[in-house]
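This briefing gathers side-chain contacts, backbone features and surface features of one protein chain. Please read it alongside the sequence and the structure shown here.

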Amino acid sequence: MTIIKRQTILGTIYSYAGVLVGTFTQAFLIPNFLTVEQNGLLAMLMSWMFILVFVASLGYNSAGIKYFDFFRNAEKKHQGYLFNGLVVFLIGMVLCTLLLIVFKEQIVKSSVGDNTLFKEYFFYIIPITGFVALFNLFDNYAKGLYDTVRGNVLSQFLQRLLILLAVLTFIFEWVNFDRFVLLWVLGISIPTVLMFVHITNLEGFSLKPSSHFLKSDFKTEFFRFASFSVLTGLSSIVITKLDTLMVYDYLGLGQTGIYNTCLLFGSVMTISYNVSMKASTAIVLDAMKENDFDKIQTIFTKSSMTQLIFGTGLLMLVWVNVDVLFSFIKPEYATGKYVLLIIGLAKLYDLASGINSLILAYSKYYKLDSLLVLTFVGLLFLLNHVLIPKYGLNGAAAAAFLSIVYYNSARNYLIWRFFKVHPYNWRLFYVVLVGGGLTFLGYWLPVFTGNVLGKFLTLTYSSALLGGVYLLLIYKMNFSPDLNGVVDKLLKKFL
């Protein structure tokens, strides 16, 4: 638990620093200085990149995490782990490139014919997919050696800083849009190079081949797990991107830009989840290997509480100030106001479910998890198909909400049935109750409008007041002893 706590705190600091940079870029600069179509282009490039990254890895990263114990041996240079991963990566990238070439017209097609920009920059998907897939290989290697912080720094902070710099070059008209996209791709790619330099300094680094894997007794199970993890991982990322892709198909590139900006809030809410997953993965897998489900229950419960506290606080502050926030960007983005709320509520349920994806996906029931993911994708596709034409962007958000509730409920039921562990207790309900009550009270706070200074004053005082009361209540009610312990240490240090 000491390792998890220390790395979670460090990871959270870097991640939230990255969130500040990323939010400023994605929620203010891009909506104000790029057209909605240009914003939609970046969203589509990123969506397809995330999907194809799982194809490029061919399940090696997921299986590598589960079976890294069989490779971990510094004296033997971790027995060819990186070499094997690079071979798989090359095969996967060839496959991705062929898929993009063959299915280009189907991918860029949109029902409203708004696809000129996407078609022009379509093949930029290839380099960003390659660099991100390599980053994941290197980062998972580092995580297998219990080093989770550097990957967070590079992917959550540095990458967002580089993208910010690229956007600024466009805003100040130092480059045209074509050159900007090149700089944007470069910003995504540089962290991979730095991550590679970092892992060369870890004990046991080597790119030499080894016969260990091919001669091992676990290779059949490794390949089997990798095959299912491709299905699970691909389906899982499709889940997060399918609504964006279907908004593009039904409503066009401009509406995709608006929808993607509203989805940014959901991504911010899940920062604590991403950090918790990175810090918990190796330790939870060790506990599962030893059948230590008491430790898993502890991590499961604490991760659920910590994630929900952060998520509820963020949703409360954003929704109370939602009209003021939208007033800072172009008026057309206001059509996504209720998308933000619906996605926020969906993410709350997701956060309250803790690390359920880690537990089921890396257990002996991983095949069942793969089937569950497929049902999730099917339900999400069906709901989007029905709701987007009728309700537009709000329909896409509603489809995501219903699918997330189904998916997490089914997953948590299976975990309880097979392992008798679950993330729920009454304190989770009380956290949401505190957040909901303060949100209601926030509607009665005065709003200063008319100029930028008044808007900033409203944001500052309402966030400070409601956020301060929220944190005080969370602390006094002792919902999370771990968080209270951190606060107590800080108070002793500075008071």
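The charged end of K455 is placed over the ring of F328, at 5.7 Å from the ring centre. This and every other feature below belongs to a predicted model. Across the whole structure, a search returns 21 aromatic pairs, 2 salt bridges and 0 disulfides.

**Charges over rings and the surroundings of K420**

- A charge over a ring also occurs at W416, where the charged end of K420 lies 5.2 Å from the ring centre.
- K420 is located in the loop that joins α19 (393–419) to α20 (426–442).
- With a relative accessibility of 53%, K420 is classed as exposed, because the cut-off for that class is over 50%.
- The backbone of K420 has a positive phi, near 60°, in a residue other than glycine.

**A further positive phi**

- Most residues other than glycine have a negative phi.
- N478, which is not a glycine, has a positive phi of about 55°.
- This residue, N478, belongs to the loop between α21 (452–476) and α22 (481–494).
- N478 is partly exposed, its relative accessible area being 36%.

**Aromatic contacts**

- The whole-structure search for aromatic pairs gives 21 of them. In the pair F118 and F122, the ring centres are 5.7 Å apart and the planes stand at 65°, so the arrangement is edge-to-face.
- The edge-to-face label follows because planes over 60 degrees apart fall in that class.
- Both partners are buried: F118 has a relative accessible area of 0%, and F122 has one of 1%.
- One aromatic cluster is formed by Y121, Y124, F170, F177 and F180.

**Salt bridges**

- Side chains of opposite charge can pair when their charged atoms come close.
- How far apart are the closest N and O atoms of E221 and R224? They are separated by 2.6 Å, and the two residues form a salt bridge.
- E221 and R224 both lie in helix α11 (residues 219–251), and their spacing of 3 residues places them about one helical turn apart.
- Each of these partners is partly exposed, E221 with a relative accessible area of 27% and R224 with 34%.
- K337 and D323 also meet through their side chains in a salt bridge, with an N to O distance of 3.0 Å. K337 is in helix α16 (residues 337–352) and D323 is in helix α15 (residues 322–326), so this pair ties together parts that are 14 residues apart in sequence.
- K337 is buried, at a relative accessible area of 18%; this value earns the label because buried means under 20%.

**Cysteines**

- How many disulfides does the search of the whole structure find? The number is 0.
- Two cysteines in the chain are buried: C96 has a relative accessible area of 2%, and C262 has a relative accessibility of 2%.

**Nonpolar surface patch**

- Which residues make the nonpolar surface patch of about 820 Å²? The contributors are L58, F83, V87, I91, L95, L99, I101, V102, F103 and F123.
- Among them, L99 is found in helix α4 (residues 81–102).
- L99 counts as partly exposed, with 31% relative accessibility.

**Sequence separation and distance in space**

- V373 is part of helix α18 (residues 366–391) and is buried, with a relative accessible area of 0%.
- The C-alpha atom of V373 is 6.1 Å from that of S235, although 138 residues separate the two along the chain.
- T298 is part of helix α14 (residues 293–320) and is partly exposed at 33% relative accessibility.
- T298 and L202 are 96 residues apart in sequence, and their C-alpha atoms are 30 Å apart in space.

Definitions and conventions. Residues are numbered from 1 along each chain as its sequence is written. This is a predicted model: local features need pLDDT of at least 70, side-chain atom pairs count only at pLDDT 80 or more; totals for chains, interfaces and linings use all residues. Side-chain values use heavy atoms; hydrogens and water are left out. Rings of Phe, Tyr and Trp (its six-membered ring) pair if their centres lie within 6.5 Å; planes under 30 degrees apart count as stacked, over 60 as edge-to-face and the rest as tilted. Buried means under 20% relative accessible area, exposed over 50%, partly exposed in between (1.4 Å probe, protein chains only). A charge sits over a ring if NZ of Lys or CZ of Arg is within 6 Å of the ring centre and within 35 degrees of the ring normal. A disulfide is a pair of cysteine sulfur atoms within 2.5 Å. Helices (H or I, at least four residues) and strands (E, at least two) are DSSP runs, numbered from the N terminus. Patches are made of residues with over 30% relative accessible area and no salt bridge: like charges are joined within 9 Å, nonpolar side chains (Val, Leu, Ile, Met, Phe, Trp, Tyr) within 5 Å. Accessible areas come from the Shrake-Rupley method with a 1.4 Å probe; for residues, only the protein chains shown count as cover. A salt bridge is a side-chain nitrogen of Lys or Arg within 4 Å of a carboxyl oxygen of Asp or Glu.
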